[in-house]
Each structure stands twice: as C-alpha cells, then as structure tokens.
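Hello, and thanks for asking me to look through this with you. Could you keep the 3D view open while you read my points?

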Amino acid sequence: MRIKNWLIAALCFVSPSLYAHTGGHIDHSLISGLMHPLTGIDHLLVLMAVGLIAAKQGGKALFAFPAVFFALMAAGAVLNVYAVQIPFVESLIALSLIAFGLLVTIGQKQRAKIFFLGLSFFAVFHGYAHAAEIPAESSAALYFSALMLMSLAICLGGCVLGLSTGKRINYLFSLACLSSGLYYLAGA
C-alpha cells in the first residue's frame, strides 16, 4: 500500500465526523489519553527516539528498550499519584530530548546500550508529567492506559523507521531532538 493510502486511512480515524455520534459512545478519557502523546512534541520525539535506538541495537533490545522505558514511565506516573514532588520536571524533560537526540547518533552498540540504560531514568519524568496532565473529569486508569497504548504505537513507529531507514534519518531526527530540547530548555 502506498504512503498516500496510509495517510488517507489515518485521516479517516481522526476525522471529526467519527465523533459526531449523539449517544456518547466514545469516552472522553480514551480520546484524551490517545491524543496526548501526539500533541506534545517533546513526548513524541522522545518516544520516537526510543524506537529508533531500539531498532539500531536490534535483537533483544528491540523489545527490552521500550519495555524498560515504559516501566519507568509508569513508575513516574505512580510517583505523581502518591504526590511525590519532583522539581524541574519540564527542564528534565527538555534535557531528555537533548540526551536521546544525542543517543540516536551513537554508533557503537555496547556504549549505546549503557547510555540507554542510564538515560532511561528520564522516562520517570515523562510519566510524572503525563500523570499530572490527566484531566479532572477523566477516568485516570482509562486515560493512562490509552496514553500508554498510543505511546507504544509511536515507539513502534520509531522502530519501523529505524529498521527501514539509514543513518541520514538518524542524524536529521537527532537535530530535531536537539533543537527542540534546547528551545524548551531556554523556555523552562
């Protein structure tokens, strides 16, 4: 199937006409959770970076890297639920963009694995921020489940991109992460 057909199919899923039913069949928590990772460029880029890095490593890392990241993201959400205060969350998320942007370009596999495990602690701050942004009228469990599902889809998209493209895309993606991270860091 050509890319144009995939784009048309994707547009059908986000078309407002799908939400025009009057019976309230679509839960607000579900929609909000699914859309949240797509509306924040910081979360979107980091999730894509995790997928790209996992694809570069290959083998067990293809599943282990996202699993570690998502487990730590869930741990961050739990910290927020229990009202643990983490200062400078937005600055740490901006730093994560820079760190993962640099990690995308590291070529040596063993060094990249060590750096990934070290940098995965940034996932805690992403999960913390996600939990802080749960709308008050939403079901927290449904919202966060939908958010994690969409996050997984984005991460898998990064894996597919990493497996089907070369170094040039990694460098361009790295530049996007670095510039976004610096921009957000300047604003934090």
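Below are my numbered comments, from the whole chain down to single residues.

1. **How far to trust it.** Please keep in mind that this is a predicted model. The mean pLDDT of the chain is 84, and 85% of the residues reach 70 or more. That confidence varies by element: helix α1 (residues 3–14) has the lowest mean, 48, while α4 has the highest, 94. Residues 9–25 have pLDDT below 50, and this stretch makes seven contacts in the model beyond near neighbours in sequence. Where pLDDT is low, the predicted coordinates should not be read in detail.

2. **The overall plan.** What secondary structure does the chain have? There are nine helices and zero strands, so the pattern along the sequence is written as α-α-α-α-α-α-α-α-α. Of the 188 residues in the chain, 39% are buried. If you take the contacts between residues at least 6 apart in sequence, 80% of them join residues at least 24 apart. On the outside, the chain exposes about 10,500 Å², and carbon and sulfur atoms supply 71% of that area.

3. **Helix α3.** This helix covers residues 41–57, which is 17 residues. From its first C-alpha to its last it reaches 24 Å, close to the 24 Å expected at 1.5 Å a residue. Is α3 mostly covered or mostly open? It is mostly covered, with 14 of its 17 residues buried. Just after α3 comes glycine 58, which takes a positive phi of about 70 degrees.

4. **Helix α5.** Here you have 15 residues, 89–103, reaching 21 Å from the first C-alpha to the last, close to the 21 Å expected at 1.5 Å a residue. Its buried residues include Val89, Ile93, Leu97, Phe100 and Leu103. Which helices do the buried residues of α5 pack against? They pack against α3, α4, α6 (109–119), α7 and α9 (167–187).

5. **Histidine 126.** Find this residue in helix α7. Why does histidine 126 count as buried? Its relative accessibility is 2%, and buried means under 20%. Leaving aside neighbours within four places in sequence, histidine 126 is in contact with Asp42, His43, Val46, Phe69, Met73, Ile93 and Ser96. One of these partners deserves a second look: methionine 73 is 53 residues away along the chain, yet the two C-alpha atoms are separated by 6.1 Å. Two of the other partners, Ile93 and Ser96, appear among the buried residues of α5.

6. **Serine 138.** A loop residue makes a good companion example. Serine 138 sits in the loop between α7 (122–132) and α8 (140–164). Serine 138 counts as buried because its relative accessibility is 12%. Beyond its neighbours within four places in sequence, serine 138 is in contact with His28 and Ser29.

7. **Valine 81 and its surroundings.** Now turn to helix α4 (residues 61–81), where valine 81 lies. Is valine 81 buried or exposed? Valine 81 is exposed, because its relative accessible area is 63% and exposed means over 50%. Together with Val78, Tyr82 and Val84, Val81 forms a nonpolar patch on the surface. The accessible area of these residues comes to about 420 Å² together.

Note on methods. Residues are numbered from 1 along each chain as its sequence is written. This is a predicted model: local features need pLDDT of at least 70, side-chain atom pairs count only at pLDDT 80 or more; totals for chains, interfaces and linings use all residues. Side-chain values use heavy atoms; hydrogens and water are left out. Patches are made of residues with over 30% relative accessible area and no salt bridge: like charges are joined within 9 Å, nonpolar side chains (Val, Leu, Ile, Met, Phe, Trp, Tyr) within 5 Å. Accessible areas come from the Shrake-Rupley method with a 1.4 Å probe; for residues, only the protein chains shown count as cover. A salt bridge is a side-chain nitrogen of Lys or Arg within 4 Å of a carboxyl oxygen of Asp or Glu. Helices (H or I, at least four residues) and strands (E, at least two) are DSSP runs, numbered from the N terminus. Buried means under 20% relative accessible area, exposed over 50%, partly exposed in between (1.4 Å probe, protein chains only). pLDDT is the predictor's confidence in each residue, from 0 to 100. Contact means heavy atoms within 4.5 Å. The expected span of a helix is 1.5 Å times one less than its number of residues.
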